[in-house]
Amino acid sequence: MTDTKDETDVESRSLDDNLTAPVLDRSLVDPVYQAKAHVLNNAIQQIGMGKYQWELFVLVGFGWSMDNMWPIITSLILPAVALEFNQSKPPLLSLAQNIGLLAGAIFWGFGCDIFGRRVAFNATIGVTAVFGLIAAGSPNFAAIGCFAAFWSVGVGGNLPVDSAVFLEFLPGSHQYLLTILSIFWALAQLLATLVAWPLLGYRTCSETDTTPCTRSRNFGWRYFLIAMGGFATICFALRFVVFTLYESPKYLMGKGRDAEAVAVVHKVARKNGKHSPLSLADLEMHNEGGQQGVDAAAALKRKLEKVSMTHVRALFRTKKLAYSTSLIMCIWAFIGLAFPLYNAYIPYTLISRGASFGDGSTYLTYRNSLIIAVLGVPGALMGGVLVEVPLVGRKGALALSVVLTGVFLFASTTAKNSNDLLGWNCGFNFASNVMYAVLYAYTPEIFPTKDRGTGNALTASANRVFGIMAPIIAIYADLETAAPVYVSGALFLAAGALTCALPFESRGKASL
């Protein structure tokens, strides 16, 4: 009986060690930081998944929603906006949006490693809501372009910041929830197309109209922006007013504020109805040369670090880290060009290809967009399942879904009628939602907490820089041919090949 109990205790300790074992090799991270991160991981694991984390799960989900919803909003209103303002180069609206997304990814992503997670977490959706509502009154194409860039500054910061915030409060046993968060990404697409169907399907000018497209006949896209801006306002209010976000304990520890990090852990424990034995001494025992970060020299060093490239250099500190960071940036960059090049113009594709099949009405276009959006929900759930399957893990699930996304794109060029095109687009949306579910979870896991915002900013910036190229290509390319589809498909296949070369597998390990 005693032997059995001892074996059980050993297995339990082994499981706990696996759950708090770091994703990155010990030689790749500062030893003092790593030792303290391991202490905090153990503390969060002991507290477990509770009320605080589940509330945060929902509120971070709002950020995931914004990231997908607003680019989709731009693509949905693009045909109507172009008709009303008689714009000969509609993709300029997407270009303005992508410039804003890049600015947001850089500012909020790098900024949250400097001024903390709380400010960025609360501000991003607020910026989106304000300029989304203002954009509904745009008097011309230049105005809507400017407002799209401004709302995208907020949108661009959601994923770099929110993924860092959520991951840093998650026990190692529940890190798979970072993948499940993509259910909000899929639901956002569903919500946007569901609202767009009645508003844009019936209150929008058509390319086949013989009368001029006036504001009074084309008010659908304005109502649509008001509805989506209102939704963003509600999300902001729930984040800022209803919920109290604590600063990340690992972020505080990385800044030398150990006492505040311990206090946050105890606050989370109390909210979850638990008790944490963590004390300040548990962290301070790992300091080298006295308490970390309280002397004047250390404070000055931290101030200077704010204007240096410290966080960036840390991600290229060793050959293996540099290889991993460079590879994940390339993957994000390829997807950043491939996804908007095809997906942002799906409404246009459905209209133009549908018209050639004899069924390109506005009503059918948005109905089909809604059907495509529905397939994203099971895709996000599938991603959450695949990442925890042994022998598959994050890397296997990512490689498989990226390649399948490219395959479905190539297959869509064989469509003989609109139903065939709809079917292939549904397959594409399912696979791409699996892809993003895994990618959004895997990326922050392979960065240390103190540099995570910067790492997320680098990958998001690579994604947005290449995303800027998509509308430029669309302006000068012939969208009525399959050329954009072939380019997108090839980029997805290339990203899938790069995924196989990633050096870290984060399944079953705690982030540092």
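This report describes the nonpolar core, a surface patch and three salt bridges of a predicted model.

Residues are numbered from 1 along each chain as its sequence is written, and side-chain values use heavy atoms, with hydrogens and water left out. Because the model is predicted, local features need pLDDT of at least 70 and side-chain atom pairs count only at pLDDT 80 or more, whereas totals for chains, interfaces and linings use all residues.

**Nonpolar core**

The largest nonpolar core (buried Ala, Val, Leu, Ile, Met, Phe, Trp, Tyr and Cys residues joined through side-chain atoms within 4.5 Å) comprises 120 residues. Buried denotes under 20% relative accessible area, exposed over 50%, and partly exposed the range in between (1.4 Å probe, protein chains only). Leu56, Trp70, Ile144, Leu225 and Ile335 have the most contacts inside this core. Helix α3 (residues 51–84) gives the most to the core, with 17 residues; helices are DSSP runs of H or I with at least four residues, numbered from the N terminus. Apart from neighbours within four places in sequence, Ile144 is in contact (heavy atoms within 4.5 Å) with Val81, Phe85, Leu93, Ala135, Ser138, Trp151, Trp221 and Leu225.

**Surface patch**

A nonpolar surface patch is formed by Ile234, Leu238, Phe240, Val241 and Val242, which together have about 520 Å² of accessible area. Such patches consist of residues with over 30% relative accessible area and no salt bridge, nonpolar side chains (Val, Leu, Ile, Met, Phe, Trp, Tyr) being joined within 5 Å; areas come from the Shrake-Rupley method with a 1.4 Å probe, with only the protein chains shown counting as cover for residues. Phe240 belongs to helix α9 (residues 220–242) and is exposed, at 52% relative accessible area.

**Salt bridges**

The structure holds 8 salt bridges, each defined by a side-chain nitrogen of Lys or Arg within 4 Å of a carboxyl oxygen of Asp or Glu. Three of them are listed below with their N to O distances.

| Pair | N to O distance |
|---|---|
| Lys36 – Asp258 | 2.7 Å |
| Lys271 – Glu55 | 3.0 Å |
| Asp162 – Arg239 | 2.4 Å |

Lys36 lies in helix α2 (residues 31–47) and Asp258 in helix α11 (residues 258–271), so this bridge ties together parts 222 residues apart in sequence. Lys36 is buried, at 0% relative accessible area, and Asp258 is buried at 1%.

The bridge between Lys271 and Glu55 links helix α11 with helix α3, across 216 residues. Lys271 is partly exposed at 27% relative accessibility, and Glu55 is partly exposed at 27%.

The bridge between Asp162 and Arg239 connects helix α6 (residues 141–167) with helix α9, the two residues being 77 apart. Asp162 is buried at 0% relative accessibility, and Arg239 is buried at 1%.

Methods. Patch = residues over 30% accessible without salt bridge, like charges linked within 9 Å, V, L, I, M, F, W, Y side chains within 5 Å.
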